[in-house]
Amino acid sequence: EGVQAHERFYEEYPHNKPYVQIESTEFPRDWMPNDSLSLIENSRINAWDFFLLGGAGFIQLNTLYTVTNPTAKGTVTGPILDQFKILKDFMYGLDISKMYSYTDCSGPDRAFLRAIADPGNRYAFYLHHSKKSGINQGIKHYAGIKGTYTDSISVNNVPSGTWKAEWINPGNGMVIKKEILVHNGDKLSFRVPDYTLDVALRLIR
């Protein structure tokens with residue numbers, strides 16, 4: 001389904017059923033750009049975006065698994081799976097059974113901000129700079145736009161208290177910055193650490 005699954009997310013989510021994105025574009029044939037680094041980074045962006053929307057699964061139609069190479073050895077699949085493991089570890093570091101898709105937040109107009117939350121207790125955010133791309137004009141994916149970004153995000157109706165914020169590099173899973181915030185309640189705003197493509201935030205009280 002590509003980006004369409006992301007765009008329809010808020011239509012499907014109220015049905016209260018696990019929503020899984022099953023890619024119907026052939027990977028890597030229909031993905032552009034299709035150099036190895038872009039394929040790895042864009043696979044990461046599309047998976048993180050969907051999970052941090054509140055999605056339950058992300059399945060890529062990867063044609064690099066073949067009869068003659070059933071494990072896709074020597075292809076970009078290995079590095080992509082490494083990226084997915086970083087996402088898995090991030091998600092497992094949250095109490096996701098209590099979290100759901102969250103929209104009471106805002107980020108820069110030129111980027112995509114996704115969030116899940118157990119409001120008042122824990123939040124997780126994913127911010128990325130991308131455009132819609134792909135050979136198949138009917139089905140597209142997110143393709144990252146690299147740059148040097150300095151952004152801000154705001155979260156509304158955050159209860160007062162002491163909050164622990166951890167900024168994560170989704171590309172390697174490393175913590176970029178840790179902050180302890182004493183908040184008086186209502187809107188909580190952050191300056192995002194400088195980044196070049198995407199960044200994640202874990203916010204816990």
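Student: Which residues in α4 do Leu-39, Ile-40, Ser-43, Arg-44, Ala-47, Trp-48, Phe-51 and Leu-52 in α3 meet?

Tutor: This is a predicted model. Contact here means heavy atoms within 4.5 Å. By that test, the α3 residues you list meet Pro-79, Ile-80, Gln-83, Phe-84, Ile-86, Leu-87, Phe-90 and Met-91 in α4.

Student: How many nonpolar, polar and charged residues does the contact of α3 with α4 have?

Tutor: Sort the contact residues by class. One residue is charged and two are polar. The nonpolar residues number 13.

Student: Are α3 and α4 roughly parallel or roughly antiparallel to each other?

Tutor: Two packed helices are described by the angle between their axes and the distance between the axes. Here the axes of α3 (residues 36–53) and α4 (residues 77–92) come within 9 Å and cross at roughly 25°. Angles under 35 degrees count as roughly parallel. The two helices are therefore roughly parallel.

Student: Is the crossing of α3 and α4 left-handed or right-handed?

Tutor: Handedness is a separate point from the angle of roughly 25°. α3 passes α4 in a crossing that is right-handed.

Student: What is the distance between the end C-alpha atoms of α3, and what span should its 18 residues have?

Tutor: Take 1.5 Å a residue. The 18 residues of α3 should then span 26 Å. The end C-alpha atoms agree with that, since they are apart by 26 Å.

Student: And what span should the 16 residues of α4 have?

Tutor: Use 1.5 Å a residue again. The end C-alpha atoms of α4 are 22 Å apart. That agrees with the expected span, which is 22 Å.

Student: How many of the 18 residues of α3 are buried?

Tutor: Buried means under 20% relative accessible area. α3 is largely enclosed by the rest of the structure, because the buried count is 16 of 18.

Student: Which elements do the buried residues of α4 pack against?

Tutor: The buried residues of α4 are Thr-77, Ile-80, Gln-83, Ile-86, Leu-87, Phe-90 and Met-91. Helix α3 is one of their partners. The others are strands β5 (112–118), β6 (122–128), β10 (161–168) and β13 (198–204).

Student: Is Asn-42 buried or exposed?

Tutor: Asn-42 lies in helix α3. Leaving aside neighbours within four places in sequence, Asn-42 is in contact with Trp-31, Pro-33, Tyr-142, Ala-143 and Gly-144. Its relative accessibility is 4%, so Asn-42 counts as buried.

Student: Which residue follows α3, and what is its phi?

Tutor: The helix is followed by Gly-54. The phi of Gly-54 is positive, near 120°.

Student: Ala-72 and Asn-157: what is the phi of each?

Tutor: Ala-72 lies in the loop between β2 (57–59) and α4, and is buried at 2% relative accessible area. Asn-157 lies in strand β9 (residues 152–158), and counts as exposed at 52%. Neither is a glycine. Yet Ala-72 has a positive phi of about 55°, and Asn-157 has a positive phi of about 55°.

Student: What is the C-alpha to C-alpha distance in space between Gln-21 and Phe-51?

Tutor: Gln-21 sits in strand β1 (residues 20–22) and counts as buried, at 0% relative accessibility. Not counting residues up to four places away in sequence, Gln-21 touches several residues, including Asn-46 and Phe-50. Gln-21 and Phe-51 are 30 residues apart in sequence. In space, C-alpha to C-alpha, the distance is 9.4 Å.

Notes:
Residues are numbered from 1 along each chain as its sequence is written. This is a predicted model: local features need pLDDT of at least 70, side-chain atom pairs count only at pLDDT 80 or more; totals for chains, interfaces and linings use all residues. Side-chain values use heavy atoms; hydrogens and water are left out. Axes are lines fitted to C-alpha atoms, for helices over the stretch in contact, and angles run from 0 to 180 degrees between N-to-C directions. Helices (H or I, at least four residues) and strands (E, at least two) are DSSP runs, numbered from the N terminus. Angles under 35 degrees count as roughly parallel, over 145 as roughly antiparallel, 65 to 115 as roughly perpendicular and the rest as oblique. A crossing is left-handed if the near helix is turned anticlockwise from the far one by less than a right angle, and right-handed if clockwise. Ala, Val, Leu, Ile, Met, Phe, Trp, Tyr, Cys and Pro count as nonpolar, Asp, Glu, Lys and Arg as charged, and the others, Gly among them, as polar. The expected span of a helix is 1.5 Å times one less than its number of residues. Buried means under 20% relative accessible area, exposed over 50%, partly exposed in between (1.4 Å probe, protein chains only).
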